[in-house]
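Visitor: I am new to protein structures and would like to learn how to read one. Could you walk me through a pair of helices and then a strand?

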Amino acid sequence: MKAYTKDIFRNISKGKKRFFAIMIITILGVTMFSGLKASCVDLRKSADAFFDESNLHDIQILSTLGLTDEDVSVLSKLDGVKLAEGGYNETVTAREGDVEINVNITKISDHDLDKACLLEGRMPENKGETAVTNKLLDLLSLKIGDKLNLSLDEDSNITSDSFEIVGVVIDPTDVDNPETASGYRGDSSAATRAFVTADSIDSEVDYYTFVNLIVDGAKEEFCYSNGYTSLTRAVITDIEDNLQSLRENARHDEIVDDATSEYEKAKKEAEDELNDALAELNDAQKEIDDAKAELADAFNTLTQNEADIENGLKEIADKKAELNDNLAQVRDGIAQVEAGIAQAKAYGMDTSGLEMQLADLKTNEAMILTGLDEIALNEAKLESGKAEIESGWNDYYKGLEDLKDGEAELADGWAEYNDGKAEADKELADAKKEIDDIDEAVWYVQERTALSGYNNIQTDADSIEVIGTVFPVIFFVVAILISLTTITRMVDEDRGLIGTYKAIGFTDREIRRKFILYSAMAGIIGAVIGTILAYIVFPIFLSSVFGIMYLLPDFILTFVPTYGFGGPIVFAGGIVLATVLACRSELSKMPATLMRPKTPKAGSRVLLERIPAIWSRMSFLNKVTARNLFRYKKRMLMTILGIAGCTALLLFGFAIRDSVTDLVPRQYEETFKYDALMVGTSDDNEKLLSYIEDEDVDSYVNFLMTQAKLKGESGEEISVQIVAVPDKEEFDEYVGMKDRNLEDLSLEDDEIFVTQNASVIVGFEEGEEVNLQLLDMKDADLEVNHIIKNYLGNYVYMTKETYEKHFGEYKANAFYINLSDSVENHAEWAKSMDKNEGVISCSSVQGMKDDFSQAFIILNLVVYVVIGMSAALAFVVLFTLSTTNISERERELATIKVLGFYDGEVHAYVNKETIILTLIGIAIGMPLGKFFGSTITSVLLLPSIYFESSLHVVSFLLSAVLSFVFAIAVNFITDRSLNKIDPIEALKSVE
């Protein structure tokens with residue numbers, strides 16, 4: 001057997017072209033079969049490892065009325081739930097200079113759920129510290145050590161409006177790289193996350209904004225597997241069937257009871273305050289009434305006293321006048337009596353009588369003087385009383401002023417009381433109405449697929465894997481055909497040796513083993529190299545691309561036995577099977593038959609000979625070429641099928657490229673007719689309006705844009721942008737809406753238009769109902785009136801009236817803008833607007849076009865890899881079949897050399913057949929490639945991209961030219977083999 005083994009290796013050395021052809025085809029096939037799939041598995045495994053390390057929630061529950069400790073307790077007791085934890089987050093506005101963004105402030109989990117991956121710095125440990133994403137730092141131009149300044153509402157539960165940035169992290173709930181994926185997947189106003197400690201949240205908050213669940217056993221499962229999905233969905237089904245309704249009702253009743261209790265408390269406080277105020281007003285009224293009575297009494301008293309004094313003074317004056325008259329008379333009498341006494345004395349008369357009279361007069365005088373003194377005293381008293389009355393009148397008038405002020409204050413008090421009572425009644429009525437209007441609590445139970453980054457990894461990997469499934473099939477078919485042709489030729493060449501082996505006693509099994517080992521060695525070596533390329537080189541190459549698309553800290557290379565062993569087994573096994581089939585025919589013959597030369601194929605009339613009009617006009621060599629093509633039918637079919645398959649693969653690759661390329665004009669020229677889109681908050685709408693009312697802006701439309709989730713009857717859901725417009729006629733100038741038949745549509749009230757990719761992903765048609773849920777959990781079931789063309793992103797269009805009808809208050813926050821001709825660089829204009837205060841984002845169509853290629857870097861690179869490998873396969877096919885053709889016809893070629901053909905003529909004689917077969921293969925491959933291209937829409941099914949099949953004329957030309965160039969190159973290489981044919985050796989008798 002030693003000589004037999006040497007013969008095997010001698011065959012490899014002698015037929016190294018065949019050996020390497022089989023090996024290279026196996027390398028290409030295994031690499032294509034396993035490489036793309038392995039890279040996608042590595043991406044998923046890397047994501048799974050990161051999500052496990054981060055303890056990413058398996059299920060998250062949100063509620064329109066918040067969640068409670070009781071909810072957490074009940075959820076934690078469910079079968080299959082390992083851990084339930086409530087959490088708190090709040091979206092606020094952060095400003096730095098003129099830049100304003102939304103930031104989701106999230107309390108760090110006590111159980112390390114959704115744990116951020118620290119990239120730099122440290123996690124927050126104290127109040128007023130935060131760890132943020134690179135996205136936030138880039139948007140606000142901040143760094144570690146800077147302050148994150150927030151604008152908080154009055155009802156915010158964040159305890160500080162400024163946080164020190166102490167760390168940079170990856171948010172496990174959002175692993176999309178915003179620099180590459182946000183162009184068509186994200187919401188322009190979507191918040192980035194900042195992590196804070198528990199003491200940064202108001203301690204009085206008695207509810208959770210979400211509850212995260214960890215499912216028992218889910219971490220041990222691969223998160224993108226059916227096993228993981230089964231575990232999580234079993235828990236979700238249990239929640240929805242047995243718990244959700246009960247807890248929703250309990251939360252609603254609790255909110256109503258608390259609100260009613262607060263209402264009753266507020267009502268009692270208001271009534272008590274009003275009663276106290278009423279009592280104070282009544283007391284004040286009594287005081288005023290008493291003061292009025294006192295003033296009336298005082299008035300009467302003063303008036304009476306004043307009259308009495310005036311009367312007294314008049315009486316005193318009269319009495320005083322009377323006494324003065326009497327005094328004058330008495331004094332006149334005294335004077336007369338004294339004169340009489342003096343005269344009587346002078347005459348010596350008796351004066352006793354006069355003296356007695358004088359004494360009486362003096363007594364009267366004294367009495368009158370005493371009376372006058374009393375009158376003077378009384379007069380003084382009356383004057384003093386008059387002054388007191390004057391003072392009393394002053395006090396009276398002051399009392400009147402005080403009374404007026406008191407009455408005015410009382411009137412104000414009554415007015416204030418009435419206003420307060422009316423306001424209290426209104427507030428109580430409003431509070432009662434709010435209680436009556438409290439909606440039922442609604443739970444939203446979400447899987448991880450609700451997370452954009454998590455879902456995008458799966459869908460991107462799925463779309464690439466589809467390519468990795470379709471292409472290897474053609475590679476495998478071509479590999480089997482080429483192997484069959486190669487081994488068949490090898491068996492033919494060793495025909496005599498096989499006869500000798502059989503004659504000296506070798507069994508068919510032993511003889512077959514020689515060829516099986518030959519092909520198996522080529523297949524195994526090719527499979528090993530292909531596996532190395534598939535599991536090391538290819539994933540390392542794609543990992544750099546995935547690293548651009550996703551924020552995963554590590555990329556793990558894994559070995560998947562299904563693909564790692566399946567690919568080599570399929571290709572090497574297929575080649576061995578082809579070898580067995582090739583040997584079967586020859587081994588069935590007798591040794592004597594095998595040791596004689598094989599009877600040459602008999603010539604036969606070809607179809608062209610039956611068309612004299614053509615055949616008679618053909619030259620002799622062309623007739624020979626035609627006969628040779630049909631004479632070697634197997635080689636002809638192999639060449640045609642091989643080239644057709646490779647051309648189809650090339651065209652399919654170009655179809656993907658063309659479909660991606662055409663997304664730009666279709667989306668940004670035919671669908672989006674505006675020049676720029678500016679988005680802010682509804683509170684800053686007037687501020688945004690002031691920025692665009694200048695000479696740079698030719699026209700604009702102000703509308704509402706908000707993010708929502710769209711869910712169909714099947715349960716599938718997808719993120720969409722709701723665009724609600726106030727002027728439906730004017731809106732047509734900014735967005736072109738066409739149905740799937742490319743008929744123009746115009747938006748009407750009570751209609752909603754949904755983009756086609758959303759309908760494909762969720763699975764609904766026109767006339768069916770879908771559920772739209774806003775970020776604030778408001779939702780509505782709406783009928784889809786039209787499905788419209790759109791290629792990037794998912795949109796739902798409606799009028800302002802339709803929005804208000806289903807979702808309530810309409811607040812515009814965005815602008816579609818058409819710029820004037822004076823603005824040459826739209827992207828720079830958008831960047832300048834983006835810096836203004838209140839602008840969340842401003843993007844230009846021109847800028848989106850410029851950034852487009854980055855968003856599709858994975859798909860483009862995969863396409864180029866596929867095109868390159870298809871080209872390599874085409875080259876190997878042509879080279880193998882050409883060398884086989886030459887070896888089969890060596891005696892024929894030697895004969896025409898002996899007949900005098902020059903080398904160039906020999907080249908033309910052989911190469912003409914290759915060229916003709918290549919052209920036929922190209923002609924067949926074109927429609928086949930076009931058919932493959934038409935399947936792009938269903939093959940590349942991504943959540944936010946609609947790939948409409950497109951094939952450019954230049955792609956047909958490139959595919960044809962590449963295949964033809966390979967044929968020319970192969971001919972150029974094989975010409976050297978033709979030159980080496982020695983006519984003497986080739987024509988020696990084989991007998």
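Guide: We will look at two helices and then at one strand with its partners. Keep in mind that this is a predicted model.

Visitor: How do I begin with two helices that pack together?

Guide: Two packed helices are described by the angle and the distance between their axes. Here, take helix α14 (residues 633-671) and helix α23 (residues 903-934): their axes cross at roughly 40° and come within 6 Å. Angles from 35 to 65 degrees count as oblique, and therefore α14 and α23 are oblique to each other.

Visitor: Is the crossing of α14 and α23 left-handed or right-handed?

Guide: Where α14 passes α23, the crossing is right-handed. The contact of α14 with α23 has 15 nonpolar residues, along with seven polar and three charged ones.

Visitor: Now the strand. How many residues of β20 are buried?

Guide: Strand β20 (residues 814-819) is mostly covered, with six of its six residues buried. Look at its two sides: Ala814, Tyr816 and Asn818 point one way, while Phe815, Ile817 and Leu819 point the other way, and all are buried.

Visitor: Which strands pair with β20?

Guide: One is strand β12 (residues 676-680), which pairs with β20 in the antiparallel sense over four bridges. There you can find Ala676 opposite Ile817 of β20. Strand β13 (residues 697-711) also pairs with β20 in the antiparallel sense, over six bridges.

Visitor: Which residue of β20 is the bridge partner of Asn702?

Guide: That is Phe815 in β20.

Definitions and conventions:
Residues are numbered from 1 along each chain as its sequence is written. This is a predicted model: local features need pLDDT of at least 70, side-chain atom pairs count only at pLDDT 80 or more; totals for chains, interfaces and linings use all residues. Side-chain values use heavy atoms; hydrogens and water are left out. Axes are lines fitted to C-alpha atoms, for helices over the stretch in contact, and angles run from 0 to 180 degrees between N-to-C directions. Angles under 35 degrees count as roughly parallel, over 145 as roughly antiparallel, 65 to 115 as roughly perpendicular and the rest as oblique. A crossing is left-handed if the near helix is turned anticlockwise from the far one by less than a right angle, and right-handed if clockwise. Ala, Val, Leu, Ile, Met, Phe, Trp, Tyr, Cys and Pro count as nonpolar, Asp, Glu, Lys and Arg as charged, and the others, Gly among them, as polar. Buried means under 20% relative accessible area, exposed over 50%, partly exposed in between (1.4 Å probe, protein chains only). Two strands pair if DSSP finds at least two bridges between them.
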